[in-house]
Amino acid sequence: MSLFGHSHQLSRRRLLTLAGGAVVATATGIGFAQSASAASTATGYGIDYSDASLTAGSVAAAGYGFVCRYLSWLPNSKVLTLSEAQALTAADLGIVSNWESDGLQDWQSGVPSDPYSQGAGHATEAQRQALANGMPSSRPIYFSVDFDLQPSMYSALNSYFDGVASVIGRSRTGAYGGYHVIGELFDNGKIAWGWQTYAWSGGNWDSRAQLRQVQNDITVSGHDADLDQAMAADFGQWGGTGGGGGGVILPSWPNITDGMTGPSVQAAQYLLRYHGASITADGQFGSGTLAATKSFQSAHGLGVDGQIGPQTWSALIVQVQDGSSGDAVRAAQVELNRFGYGLTVDGNFGSGTVSAARAFQSAHSLGADGQVGPQTWQMLVGTGNGASGGSTVAPPWPNVIDGDTGNNVLAAQYLLRYHGASITADGQFGSATLAAAKSFQSAHGLGVDGQIGPQTWSALIVQVQDGSSGDAVRAAQVELNKFGYGLAVDGSFGAGTVSAARAFQSAHGLGVDGQVGPQTWQMLVGS
């Protein structure tokens, strides 16, 4: 049969979902590219492609940190080989293994009578190839569901993935598919790994998916590819560490808020217009821009605070290149003009804009391909002062009560322990935590209601910093990990916790001192 990679099959999908407008993923759950080297920054973005002639060096030079590569029935030119895997590893690129024969598209003409056996057969060959290419036996394999599978097929789908798991184990079983497929499989415990595509997802994202395919039909060194974003530190990669790129320092995304003015405000306005907002791009962040930002955040599953910070920038940007046109190009032209390129902001990405993009990239040690992709966007927007005025808006302290669960509960328990409570920090607000909260409130002259609200949070928190140790540090580490920093919750405030605190502060418009004091605590707990 004729086999195609996602980058070919999905070229027509946008007509089904977004009428030609590509969507760039949100960064929910991760601390995206916070003042990091390319080694960590590039881990945020990678590509998938079926053209094996795209070299590892070209991928690394473009600043990507990982690739998603195919396993399939042989012979097949799109399949990863040992020599390619070795080259990718040598370039310090992570590799994600994905099985795709026809992506189960033959199911559209009839679901197989024994989907379990089909899944087992696919997994057997996928594992054989992956191990032959050097993949460690502990790493997962994603199996493609490459069409808008209907609910009537869910029973067969679950059986197929039971067959996959019978060969490689449930803990190594992953799926590629749209929002509803990924949700169905996670909900039923059929997969441990999810790679969700924006196609057939209607702007919805499943927060359990470790990978997102966020844009199709980008060009990398003259080759077609799709853009992917990692939503967790571990997304099933193996081979290199995800460095790629070559050590370029990328700045943090700025925090643009109500009341600010300047070219980066104007660029954000043009990007909001690209995504459908009816606002004027005048460089003034007022009520219209605030409302448009909140609407965009709500539509893309982001925290709705009206601030254009790292997660919102990551969702707004789209790759533009020679031949592109419209408001996203205007946004890029505005940002390039901050660096003196003197472009006409006409929304036409022609030779002048290509030349300016290449010059900017060369000056900032990026791959000089003349395209404004994720790394170039971040360098453009994050470098220098593109907006001024406004102020950082701290979120309100949450109200954590009996019966609640999660990270804020766990952090509160660690803080109660710091103040002498003999309770287990398990993230479950039960009777022991209720009693400890009431005891703490009574001892500190607070209203004794057992709820951990603004006054109780303010009394519980203590400043922790480099060299601090104990349960208050554990509480800070738990809160930082809400944003994807992946710290060991060991109660030792060392270099890793300092780095995470600085990154979080930079991303949220706070003073960057690496200490977790009152403002940082409130931003951590309330966000």
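Q: Which helix gives the most to the lining of the second largest cavity?
A: H8, with three residues. Keep in mind that this is a predicted model.

Q: Where does H8 sit in the chain, and what does it connect?
A: Helix H8 covers residues 179-187. Together with S5 and strand S6 (residues 193-197), H8 makes a right-handed β-α-β unit.

Q: Back to the cavity. Which residues line the second largest one?
A: Phe147, Asp148, Leu149, Tyr154, Gly178, Tyr179, His180, Val181 and Trp200.

Q: What is the split by class in that lining?
A: Six residues are nonpolar, two are polar and one is charged.

Q: And what volume does the second largest cavity have?
A: About 50 Å³.

Q: How many cavities of 30 Å³ or more are there in the whole structure?
A: The search finds four.

Q: How does one find empty space like that?
A: Rolling a probe the size of a water molecule over the atoms shows where it is left.

Q: Switching to strands. How many residues of S5 are buried?
A: Five of the five, so S5 is largely enclosed by the rest of the structure.

Q: Which S5 residues point which way?
A: Thr173, Ala175 and Gly177 point one way. Gly174 and Tyr176 point the other way.

Q: Why the alternation?
A: In a regular strand the side chains alternate between the two faces of the sheet.

Q: What about S4: which residues point which way there?
A: Strand S4 spans residues 141-144. Ile141 and Phe143 go one way, Tyr142 and Ser144 the other. All are buried.

Q: How many bridges join S4 to S5?
A: Four, and the two strands run parallel. Ser144 has Tyr176 in S5 as its bridge partner.

Q: Which helix goes with S4 and S5 in a β-α-β unit?
A: Helix H7, residues 154-168. That unit is right-handed.

Q: And on the S3 side, how many bridges to S4?
A: Two, between parallel strands. S3 is residues 94-99. Asn98 has Tyr142 as its bridge partner in S4.

Q: Which helix belongs to the S3 and S4 unit?
A: H6, residues 115-132. S3, H6 and S4 make a right-handed β-α-β unit.

Q: Last one. In which sense do S5 and S6 pair?
A: Parallel, over four bridges. Within that pairing, Ala175 stands opposite Gly194 in S6.

Methods: Residues numbered from 1 in each chain as written. Predicted model: local features only at pLDDT ≥ 70, side-chain atom pairs only at ≥ 80, totals over all residues. Heavy atoms only, no water. Buried < 20%, exposed > 50% of the residue type's maximum accessible area, 1.4 Å probe, protein only. Pairing = 2+ DSSP bridges. Right-handed = clockwise from strand over helix to strand, strands pointing away. 1 Å grid on protein atoms, 1.4 Å probe; cavity = no way out; pocket = protein on both sides within 12 Å on 5 of 7 lines; lining within 4 Å. Points joined across faces, edges and corners; volume = space filled by probe spheres on them. Nonpolar A, V, L, I, M, F, W, Y, C, P; charged D, E, K, R; others polar.
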